[in-house]
Amino acid sequence: NIANFYFAGIFTCDSGKITSFISKLPLTLLDRNDTSFISNQAMPSKKAIPLTLGASGSIYIAPANGYFSIDGQGPNWVDLAIVYPGLNYGYCFASRSSDKYCRVVVPVSTGSQCQILFDTDFTNLISFNFIYAEGEV
């Protein structure tokens with residue numbers, strides 16, 4: 001009796017009987033009690049790839065769901081614009097006036113284009129990374 005079991009796969013039927021069944025990997029079923037696990041999937045992971053910062057106005061494409069992160073000194077402001085056809089949004093940050101320091105982290109989805117603008121060159125670029133979301137690693 002298989003009434004109390006769940007199976008994942010592709011099957012064909014003939015006159016109400018399963019005539020063939022190709023098993024697939026079991027599904028991980030989530031319920032409302034898994035909200036902490038689900039929300040954690042969008043959080044930054046420890047996996048990051050270093051990027052090379054181009055000139056102001058350069059565009060970078062997100063390889064997965066995650067975050068673009070830039071950390072450094074020099075410009076008066078840094079603007080990270082997420083570019084979609086017909087819709088642009090972004091985050092513009094002023095550097096600290098005392099030492100021109102700025103750290104920016106921007107969430108993006110897979111394939112998003114991120115244009116980074118700044119008014120003057122970085123004199124001390126500490127890091128420029130793409131950080132993968134937990135659900136991507």
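This report walks through the fold, the sheet, the core and two chosen residues of a predicted model.

## Overall picture

Let us begin with the inventory. The protein holds one helix and 10 strands. Read from the N terminus, the order of elements is β-β-α-β-β-β-β-β-β-β-β, so the helix follows the second strand and comes before the third.

Of the 137 residues in the protein, 26% are buried. The accessible surface amounts to about 9,400 Å², and carbon and sulfur atoms account for 56% of that area. Contacts reach far along the chain: among those with a separation of 6 or more, 73% link residues 24 or more positions apart.

## The four-stranded sheet

Next comes the sheet. Four strands make up an open, antiparallel sheet, arranged in the order β3-β10-β5-β8. The edge positions belong to β3 and β8; each has a single partner strand, so one side of each lacks a neighbour in the sheet. From one strand to the next, the twist averages 25°.

It is worth following the pairings across the sheet. Strand β3, residues 44-50, runs antiparallel to β10, residues 124-133, and four bridges connect the two. One position to look at here is Ala48, whose bridge partner in β10 is Ile131. On to the next pair: β10 and β5, residues 66-73, are antiparallel and joined by eight bridges. Here Tyr67 has Ile131 of β10 as its bridge partner. Ile131 is thus a bridge partner of both Ala48 and Tyr67. Finally, β5 and β8 are antiparallel with eight bridges between them, and Gly72 is matched with Cys102 in β8.

## The nonpolar core

What does the largest nonpolar core contain? It has 20 residues, and those that touch the most other members are Leu53, Phe68, Ile70, Val78, Leu80 and Ile116. Two or more residues each are supplied by β5, β6 (77-84), β8 (101-108), β9 (113-118) and β10. Strand β8 gives the largest share, with four residues.

The sheet and this core have strands in common: β5, β8 and β10 belong to the sheet and also appear among the contributors to the core.

## A closer look at Asn129

Asn129 is a good residue to find on screen, and it sits in strand β10. Is this residue buried or exposed? Its relative accessible area is 18%, so Asn129 counts as buried, the cut-off being under 20%.

Setting aside neighbours within four places in sequence, Asn129 makes contact with Ala48, Ile49, Pro50, Leu51, Tyr67, Phe68 and Ser69. Several of these have come up already: Ala48 is bridged to Ile131, Tyr67 is bridged to Ile131 as well, and Phe68 is one of the core residues that touch the most other members.

## The end of the chain: Val137

Our last stop is Val137, which lies in the segment after β10. Its relative accessibility is 55%, so Val137 is classed as exposed, for which the threshold is over 50%.

Which residues does Val137 touch, not counting those up to four places away in sequence? They are Ser45, Lys47 and Tyr132. Another pair of positions to display is Val137 and Gln41: 96 residues separate them in sequence, while their C-alpha atoms are 9.3 Å apart in space.

Notes. Residues are numbered from 1 along each chain as its sequence is written. This is a predicted model: local features need pLDDT of at least 70, side-chain atom pairs count only at pLDDT 80 or more; totals for chains, interfaces and linings use all residues. Side-chain values use heavy atoms; hydrogens and water are left out. Two strands pair if DSSP finds at least two bridges between them. A nonpolar core is a set of buried Ala, Val, Leu, Ile, Met, Phe, Trp, Tyr and Cys residues joined through side-chain atoms within 4.5 Å. Buried means under 20% relative accessible area, exposed over 50%, partly exposed in between (1.4 Å probe, protein chains only). Axes are lines fitted to C-alpha atoms, for helices over the stretch in contact, and angles run from 0 to 180 degrees between N-to-C directions. Contact means heavy atoms within 4.5 Å. Accessible areas come from the Shrake-Rupley method with a 1.4 Å probe; for residues, only the protein chains shown count as cover.
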